[in-house]
Amino acid sequence: MEPPRLRNIILIGFMGCGKSTIGRSLASTLGFRFADTDELVAAEARAPITKIFEREGEDGFRRRETATLVALDGTEGQVISTGGGIVTREENAPLLRRLGYIVWLAVGEDEIYRRVSRNRDRPLLHTPNPRKTIHDLMAKRDPLYAAAADMKVKTEGLSISDVAYGIAESARVFFANAAHSGD
Ligand code: S3P
């Protein structure tokens, strides 16, 4: 049997899908704390993400990301925003599930490109053709997000507070059902 889920909400999805913005709003709606795996990795490494990629490569970053999930185990009452590539490491799947209720924020390719082309903080998009990189990464990752998520929310056209409210309500139902799953 699967171990019980901790009372957290985990946001997954592609770079630029709004995990941090929606996560902060959701945390304040619920009175939860907000955590961001990218921020935790950077704090632990005492270096920004771009520097970690430069020094340790993507592999080094992914190891740190997994260690962050392990360190979060046991905590509750948090909305946890994750890096867009968290689903690419197989060993992260059970760690994410154990941590809580997993919500995929889905946004179309064109809108993602519009949002992420505004800044240079994402080393994986430092390529000659970021538009194509986004397309290729999304094609690989969408099935992984789908497999990991308890719920998918298409956020385009919705306000931040509407999305946060919808997730908060669905989380209440999820945790209430989980509490009575032995009935
Ligand atoms: C990554 C996404 C980034 C960050 C790193 C790698 C990815 O986080 O973890 O640059 O592999 O998609 P955001 O999704 O918050 O941009």
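Here is a short chat about a predicted model, covering one strand residue, some ring pairs and the ligand.

Local features need pLDDT of at least 70 and side-chain atom pairs count only at pLDDT 80 or more, while totals for chains, interfaces and linings use all residues. Residues are numbered from 1 along each chain as its sequence is written, and side-chain values use heavy atoms, with hydrogens and water left out.

Reader: Let's start with Ser81: is it buried or exposed?

Author: Ser81 sits in strand β3, residues 78-81 (strands are DSSP runs of E, at least two residues, and helices are runs of H or I, at least four, numbered from the N terminus). Buried means under 20% relative accessible area, exposed over 50%, and partly exposed in between, with a 1.4 Å probe and protein chains only. Ser81 has 2% relative accessibility, so it counts as buried.

Reader: How far is the C-alpha atom of Ser81 from that of Thr37?

Author: Leaving aside neighbours within four places in sequence, Ser81 is in contact (heavy atoms within 4.5 Å) with residues including Phe34, Ala35, Asp36 and Thr37. Ser81 and Thr37 are 44 residues apart along the chain, yet their C-alpha atoms are separated by 6.3 Å.

Reader: Which kind of aromatic pair do Tyr101 and Phe175 form?

Author: Rings of Phe, Tyr and Trp (its six-membered ring) pair if their centres lie within 6.5 Å; planes under 30 degrees apart are stacked, over 60 edge-to-face, and the rest tilted. A search of the whole structure finds 5 such pairs. Tyr101 and Phe175 have ring centres 6.3 Å apart and planes at 70°, so their pair is edge-to-face.

Reader: Where along the chain do Tyr101 and Phe175 sit?

Author: They are 74 residues apart, so to speak in distant parts of the chain. Tyr101 is buried at 4% relative accessible area, and Phe175 is buried at 9%. Tyr101 belongs to strand β4 (residues 101-106), and Phe175 to helix α7 (residues 160-179).

Reader: Now the ligand: how much of its accessible area does the protein cover?

Author: Of the 13 residues around the ligand (each with a heavy atom within 4 Å), those that come nearest include Arg62 and Arg141. A polar side-chain atom of Arg62 lies 2.6 Å from a ligand oxygen atom, and a polar backbone atom of Gly84 is 2.8 Å from a ligand oxygen atom. On its own the ligand has 390 Å² of accessible area (Shrake-Rupley method, 1.4 Å probe), and the share covered by the protein is 94%.

Technical notes:
Polar contact = N/O pair within 3.5 Å; in protein donor to acceptor, adjacent residues only side chain to side chain.
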